[in-house]
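Welcome to a short tour of one protein chain. Keep the sequence and the 3D view side by side as you read, and look up each residue when it is named.

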Amino acid sequence: MSESRQRYNETFKREAVKYVQEQTKSLEHIADELNVNPGTLRNWLGKYREFDHEPVNKVENLREQSQLIDDQKREIEDLKEEIAILKKAMHIFSKERN
């Protein structure tokens with residue numbers, strides 16, 4: 001007895017690869033969702049993968065996120081400095097005067 005093999009058109013393959021790239025789920029989970037063998041899906045990834053669909057790998061996004069992190073670090077340092085100043089001022093003004 002021979003099993004009939006499922007045939008997928010190229011559009012389905014490309015869309016499946018695009019879906020894998022956009023998701024954070026595991027390849028096995030997505031393969032199960034699409035009812036495709038994980039090995040087959042891995043092969044499609046090797047053949048049809050386009051890095052435009054991976055937002056984390058875009059250089060512009062990495063630069064933007066790096067800049068945002070740097071800005072937030074500077075803001076945190078400024079806020080820590082302000083808190084220290086306010087603590088000193090509170091200490092000075094809370095002393096009893098004789």
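## R42 and its partner

R42 is partly exposed, with a relative accessible area of 43%. For this kind of label, buried means under 20% relative accessible area, exposed means over 50%, and partly exposed lies in between (1.4 Å probe, protein chains only). Which residue does the side chain of R42 meet in a salt bridge? The partner is E28, with 2.8 Å from N to O. A salt bridge here is a side-chain nitrogen of Lys or Arg within 4 Å of a carboxyl oxygen of Asp or Glu.

E28 lies in helix α2 (residues 27-34) and R42 in helix α3 (residues 38-48), so the pair ties together parts that are 14 residues apart in sequence. Like its partner R42, E28 counts as partly exposed, at 41% relative accessibility.

## About the model

Before going further, a word on where this picture comes from. This is a predicted model, in which local features need a pLDDT of at least 70 and side-chain atom pairs count only at pLDDT 80 or more, while totals for chains, interfaces and linings use all residues. Residues are numbered from 1 along each chain as its sequence is written, and side-chain values use heavy atoms, with hydrogens and water left out.

The term pLDDT is the predictor's confidence in each residue, from 0 to 100. The chain averages 84, and 84% of the residues score at least 70. Among the elements, helix α1 (residues 10-22) has the lowest mean pLDDT, 87, and helix α4 (residues 59-93) has the highest, 91. Where pLDDT is low, the predicted coordinates should not be read in detail.

## The overall layout

How many helices and strands does the chain have? There are four helices and zero strands, and from the N terminus on, the order is α-α-α-α. Helices (H or I, at least four residues) and strands (E, at least two) are DSSP runs, numbered from the N terminus. Of the 98 residues in the chain, buried ones make up 14%.

## More salt bridges

Side chains of opposite charge can pair when their charged atoms come close. The count for this model comes to four salt bridges. One of them joins E10 and R14, with 2.8 Å from N to O. Both E10 and R14 lie in helix α1, four residues apart, which is about one turn of the helix. E10 is partly exposed at 42% relative accessible area, and R14 is partly exposed at 38%.

Another salt bridge links K25 with E33, where the closest N and O atoms are 2.7 Å apart. K25 counts as partly exposed at 35% relative accessibility, and E33 counts as partly exposed at 38%.

## The loop between α2 and α3

Now look at the loop between α2 and α3, where you will find N35. N35 has a positive phi of about 60° although it is not a glycine. Is N35 buried or exposed? At 65% relative accessibility, N35 counts as exposed.

N37 has its place in the loop between α2 and α3 too, and it counts as partly exposed at 49% relative accessibility. The C-alpha atoms of N37 and L27 are separated by 9.9 Å, with their positions 10 residues apart along the chain.

## Apart in sequence

Next, find K18 in helix α1. K18 is partly exposed, with a relative accessible area of 29%. K18 and Y48 are 30 residues apart in sequence, while their C-alpha atoms are 8.5 Å apart in space.

## A negative patch

Which residues form the negative surface patch? They are E75, E77, D78, E81 and E82. Patches are made of residues with over 30% relative accessible area and no salt bridge: like charges are joined within 9 Å, and nonpolar side chains (Val, Leu, Ile, Met, Phe, Trp, Tyr) within 5 Å. Asp and Glu count as negative, Lys and Arg as positive, and His and the chain ends are not counted. D78 lies in helix α4 and is partly exposed, with a relative accessible area of 45%.

Definitions and conventions
Areas by Shrake-Rupley, 256 points an atom, 1.4 Å probe, with all protein chains shown as cover. Charge placed at Lys NZ, Arg CZ, Asp CG, Glu CD.
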